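Trainee: I should be grateful for a close look at one loop of this model, and then for an account of how its surroundings relate to the rest of the chain. Please begin with the residue that you consider the most suitable starting point.

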Amino acid sequence: MNQSSQTRQKSGIRVLVVGAGFAGLTAAIECHRKGHSVTLLEKFPELKLLGDIISFGPNSSRIFQRWPGVAEQLDALSQRADGLVIKNWLGETLLKQTWTTEQNEFGIRFDGHRGEFHEVVYKHALDIGVDVRLGARVEDYFENDNEAGVVLESGERITANIVLAAEGVRSKGRKIVLGYDDKPKPSGYAVYRCWFDADEVAKDPDLQYFTNNGDKHVAWLGPDVHFIAASVKGGKDFSWVCTHRDEQDIEESWSFEAPLSDARKVLEGWDPVVQKILDKTPSPLIDWKLVYRDPLPTWISARRRIALIGDSAHPFLPTSIQGASQAMEDGATMAVCLSRAQAVATGNDGVQEAVATFEAIRYERVRSAQKTGEQTRDIWHKADFSAAKKDPQSLRLRREAWLLNFDAETYAEAHYEETARVLRTNPEGGIFGDTECGRKLHVPEGKEGYLEYNETPVNVASSVKTVEVLNG
Ligand SMILES: Cc1cc2nc3c(=O)[nH]c(=O)nc-3n(C[C@H](O)[C@H](O)[C@H](O)COP(=O)(O)OP(=O)(O)OC[C@H]3O[C@@H](n4cnc5c(N)ncnc54)[C@H](O)[C@@H]3O)c2cc1C
């Protein structure tokens, strides 16, 4: 079905989006919904089912829910465990954290295969009429006060009112925004990851817990390592990830194949159930280097016509479980800002104000969300396991309302005007000056500008209980 009739009246703003990951696709779909004219450029010549497990929290799931038919398709592909079992590396169960309260209060989440989810969203973009150009690799960016554009590998130049650089951790857009080449750094960690058919798992009596009676999700925590296994689609598929120390250079590549034996070395002496899972796992694995970046000082270009969104602006550690969600929030926020600026524009297209306002609205929230990834990693990787046995809740995943019970579209609608006004009247250069005065309006409350985890989260405490499972 062609759903383009559901979009609003055309705004006249031409948006060029570079990169068809979840940041770029969300920006493209949301901008199209708001009546902007979108062209999406992606370097891959064809769609492939790449990746393995990925998570979308309630904060991004509500964006999917606004796209007709998409949430229903994702739901059918999603992991539907009722909670996460947390064990130590020897296999002793410490707690089970259930999701019922969170789901009732914050909304549903979607966890599943990245490639399968990506295909659903990509097809939705085509279905509603987004102009997608595959095999279009962007080599360079340019801008002036009236327009921005890109140069493709073929030499073709394309211009628009605004360019969104959503090309992931190796973004080329960063150079024009920052004025220098910013290289990713190794974070000191990498993740072995895999996804395979659960047939062999289901045959093993010691692993049937995973495949009988619905999906299961189990995390084993050890010194500076964690291993998380999940059965998906009612026990049809199986996936695990193992975050481990890694000091390799990532100059040339950050996703390698690694033999299963590498993971066996890291997990030597761990729970026999983990060893059994390794026995059923096809080799090789993916060894995914976790890239880190110091927070970029800005995500927007000097003339305010180019913005970095998603991983190109802010890569996340997987322990935040928020990288894809924050990438989607960027897209939804930008679409609103472009509409609001258009509505108040006098004399020009309003894009420059929209870009400055977008960054001010997003910057501090994203920083706080990034911080949660470091906090969870440290809580898990540096756990004192004898203390944790007495206080298992200290190991729970913090699932807080400020992050998860959030609607990016509504928030941007509610805060656009106030933020834009502060930027317009900024004595240090207006919307072209430092956006700090606007960012300050959006600092989540907490110590030193970052939200600290509450010791006893009000809404979610009741969902955390200690139980014995897997005979742990
Ligand atoms: C192939 C792949 C597999 C992944 N697998 C997983 C996974 O299993 N689990 C997980 O949690 N996360 C995975 N990720 C990362 C995850 O999707 C992102 O961290 C998150 O969704 C934020 O997405 P993003 O759109 O900002 O960046 P990305 O998902 O990295 O998307 C960037 C897009 O830009 C395109 N691109 C890059 N350079 C150019 C260029 N010069 N011109 C045009 N297009 C360009 C890329 O091909 C890609 O489609 C994967 C990413 C990729 C690209």
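Mentor: Pro-284 is a suitable place to begin; this residue sits in the loop that runs between helix 10 (272–279) and strand 17. Please bear in mind throughout that the model is predicted. The peptide bond between Ser-283 and Pro-284 is cis, with an omega of about 0 degrees. As background, most peptide bonds are trans.

Directly after this loop comes the strand that carries Leu-285, namely strand 17 (residues 285–292). Leu-285 has 24 other C-beta atoms within 10 Å, and because 20 or more is the threshold, this residue is classed as buried. When neighbours within four places in sequence are set aside, the contacts of Leu-285 are Tyr-192, Arg-193, Cys-194, Ala-258, Leu-260 and Ala-263. A further distance places this residue relative to Val-241: the two are 44 residues apart in sequence, while their C-alpha atoms are 9.7 Å apart in space.

At the other end of the strand, Arg-293 belongs to the loop that links strand 17 with strand 18 (306–308). Its 18 C-beta neighbours inside 10 Å make Arg-293 partly exposed, whereas Leu-285 is buried. Apart from neighbours within four places in sequence, Arg-293 is in contact with Pro-184, Lys-185 and Pro-315. Between the C-alpha atoms of Arg-293 and Asp-330 there are 18 Å, with 37 residues separating the pair along the chain.

Two other loops also contain a backbone feature that merits attention. As a general matter, most residues other than glycine have a negative phi. Asn-213, which is not a glycine, has a positive phi of about 60 degrees. This residue is placed in the loop between helix 8 (208–211) and strand 13 (217–222), and it counts as exposed because 10 C-beta neighbours lie inside 10 Å. Lys-233, likewise not a glycine, has a positive phi of about 55 degrees. The loop in question connects strand 14 (225–232) with strand 15 (237–245). With 17 other C-beta atoms within 10 Å, Lys-233 is partly exposed.

From the loops one may turn to the ligand. The shell around the ligand comprises 29 residues, and the closest are Gly-19, Gly-21, Gly-51, Gly-168 and Gly-310. Four elements each contribute at least two residues to this shell: helix 1 (22–33), strand 2 (37–42), strand 3 (53–56) and helix 11 (323–344). By class, the shell consists of 14 nonpolar, 7 polar and 8 charged residues.

Helix 1 leads on to the packing of helices. Helix 1 and helix 5 pack with their axes 10 Å apart and at an angle of about 25 degrees. An angle of that size makes helix 1 roughly parallel to helix 5, and their crossing is left-handed. Helix 1 provides Phe-22, Leu-25, Ala-28, Ile-29 and His-32 to the contact, and helix 5 provides Val-121, Tyr-122, His-124, Ala-125 and Ile-128. These residues divide into 8 nonpolar and 2 polar, with no charged residues.

Helix 5 (residues 114–128) also packs with helix 3 (residues 70–77), at an angle of about 165 degrees and with the axes 10 Å apart. Helix 3 is therefore roughly antiparallel to helix 5. Their crossing is right-handed. On the side of helix 3, the contact is formed by Val-70, Gln-73, Leu-74 and Leu-77; on the side of helix 5, by Glu-116, Phe-117, Val-120, Val-121 and His-124. Its composition is 6 nonpolar, 2 polar and 1 charged. Val-121 and His-124 of helix 5 thus take part in the contact with helix 3 and in the contact with helix 1.

A further pair is formed by helix 12 (residues 351–381) and helix 15 (residues 408–424), whose axes are 9 Å apart at an angle of about 110 degrees. The two are therefore roughly perpendicular to each other, and helix 12 passes helix 15 in a right-handed crossing. Helix 12 contributes Glu-353, Ala-356, Thr-357, Ala-360 and Ile-361, while helix 15 contributes Ala-412, His-415, Tyr-416, Thr-419, Ala-420 and Leu-423. This contact has 7 nonpolar, 3 polar and 1 charged residues.

Terms used. Residues numbered from 1 in each chain as written. Predicted model: local features only at pLDDT ≥ 70, side-chain atom pairs only at ≥ 80, totals over all residues. Axes fitted to C-alpha atoms, helices over the stretch in contact; angles between N-to-C directions. Parallel < 35°, antiparallel > 145°, perpendicular 65-115°, else oblique. Left-handed = near helix turned anticlockwise from the far one by under 90°. Contact = placed C-beta atoms within 7 Å. Nonpolar A, V, L, I, M, F, W, Y, C, P; charged D, E, K, R; others polar. Near = placed C-beta within 6 Å. Buried ≥ 20, exposed ≤ 12 C-beta atoms within 10 Å, placed from the backbone.
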